[in-house]
Amino acid sequence: MLGLCYSRDVSAPTLVRNPATVRHSGVVRVTHWLTVISFFALLLTGAEIVVSHPRFYWGEVGNVNTTPLFTIPIPSSRDTVPTGYGYVMPDQNGWSRYLHFESAWVAVLTGLVYGIWSLWTGHFRRDLFPARGDRNWRAFWGVISRYIRRAPQDEAEARSYNVMQRTAYLAVIFVLFPLVIWTGLALSPGFNSAFPFAVNVLGGRQSARTLHFFVSGGLLLFVVVHVWMVVLAGFRSRMRGMITGRVEGPQERI
C-alpha cells in the first residue's frame, strides 16, 4: 500500500539520523578533562591534609590549645591532635601537600586558558549567559519540572545548555572557582606576607582555611549533581559529546 502513494521514481520514506553537530569545541573538551583530573587530585590530597588536623577555627590563630569552630569526627594522622579516638591514621601529609599545590596550579592555568579563550571567542556570552527570555523563575521551573517528570530533552537542549546549567556553570566559574583559589592562596605564609589585606578581609588564615573547606564542599556538591544530571540526560551520549565534541540529532523521516 505504501508504494501506491509514490511514483516508481520516488523511493519509500526511510528512517535516518541528522548529521552529527558540534556541541563542544576542542578547547572546552581539553580544559574540561584537565579540570576533572586536577579536581580529583585536589580532592584526594585535600582529604589527606584534613585528616592531619580535622579541626577548624575562625580568626588568625588555631591550634590544639584553641577552641575549634567545629571538628570533623574522624581520627587524625597525628597523635598530637585531640580527636577522641584511641588511634591515628597513616600520615600522608607530606606528599599530599606537594601534589595538592601542583594540582592547584594545573587547575588555575587550565582555568586561565579556558577563560581567555571564552572571552576571545564569545563563548561566555553565546553559550553560558542565559538569554533575556530565560532570566525568570518560569524558565527555571520549566527545567525543574522536566527533570522531575523525567521528560526527554528537546532538540535545542540537546545542542546547548538549559538555563539551570548555564546558571550553575557561571556560579562555578565566576564565584566558587575564584573563591577556592583565593582562600587557598590565603593559607600560604608567603602570600600572607605579600598581600596581607587579601587574607585579613577573610578574617585571618584560619578563617580562610575554614572557608576553603566549605567552598571545596560546594564544588564537590556541584560535581555530584553534574554527574547525576549527565546520567539522567543520557550518560553515553553526553560522554561521547564531551570526548568527540559531536552529538547526533533526533531521528526524522525524509
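The exercises below work through a predicted model of one protein chain, each with a stepwise solution.

Residues are numbered from 1 along each chain as its sequence is written. Because this is a predicted model, local features need pLDDT of at least 70 and side-chain atom pairs count only at pLDDT 80 or more, whereas totals for chains, interfaces and linings use all residues, and side-chain values use heavy atoms, with hydrogens and water left out.

**Exercise 1. Describe the overall make-up of the chain.**

Step 1. Begin with secondary structure: the protein chain holds 9 helices and 6 strands, taken as DSSP runs numbered from the N terminus (helices are H or I with at least four residues, strands are E with at least two).

Step 2. Turn to burial: of the 254 residues in the protein chain, 31% are buried, where buried means under 20% relative accessible area, exposed over 50%, and partly exposed in between (1.4 Å probe, protein chains only).

Step 3. Consider the contacts, defined by heavy atoms within 4.5 Å; among those between residues at least 6 apart in sequence, 66% join residues at least 24 apart.

**Exercise 2. Work out how helix H1 packs against helix H2, and place Leu42 in that setting.**

Step 1. Two packed helices are described by the angle between their axes and the distance between the axes. For H1 and helix H2 (residues 93-121), the angle is about 155° and the axes are 8 Å apart; axes are lines fitted to C-alpha atoms, for helices over the stretch in contact, and angles run from 0 to 180 degrees between N-to-C directions.

Step 2. H1 and H2 are therefore roughly antiparallel to each other (under 35 degrees is roughly parallel, over 145 roughly antiparallel, 65 to 115 roughly perpendicular, and the rest oblique).

Step 3. H1 passes H2 in a left-handed crossing, a term used if the near helix is turned anticlockwise from the far one by less than a right angle, with clockwise giving right-handed.

Step 4. Leu42 lies in helix H1 (residues 26-52) and, leaving aside residues up to four places away in sequence, touches His100, Ser103, Ala104 and Ala107. Leu42 and Glu102 are 60 residues apart in sequence, yet their C-alpha atoms are 9.0 Å apart in space.

**Exercise 3. Analyse the packing of H6 against H9 and the class of residues in the contact.**

Step 1. Helix H6 (residues 163-185) and helix H9 (residues 205-244) pack at an angle of about 150°, with axes 9 Å apart, and are therefore roughly antiparallel.

Step 2. Their crossing is left-handed, and the residues that make the contact include Leu176 and Leu179 of H6 together with Leu219 and Phe222 of H9.

Step 3. By class, this contact has 11 nonpolar, 6 polar and no charged residues (Ala, Val, Leu, Ile, Met, Phe, Trp, Tyr, Cys and Pro count as nonpolar, Asp, Glu, Lys and Arg as charged, and the others, Gly among them, as polar).

**Exercise 4. Decide whether Gln206 is buried or exposed, and list what it touches.**

Step 1. Gln206 is found in helix H9 and, at 15% relative accessibility, counts as buried.

Step 2. Not counting residues up to four places away in sequence, Gln206 touches Tyr57, Gly59, Glu60, Val61 and Gly62.

**Exercise 5. Find the salt bridge of the structure.**

Step 1. A search of the whole structure finds 1 salt bridge, meaning a side-chain nitrogen of Lys or Arg within 4 Å of a carboxyl oxygen of Asp or Glu.

Step 2. The side chains of Arg126 and Asp127 form this salt bridge, at 3.3 Å from N to O, and Arg126 is partly exposed, with a relative accessible area of 44%.
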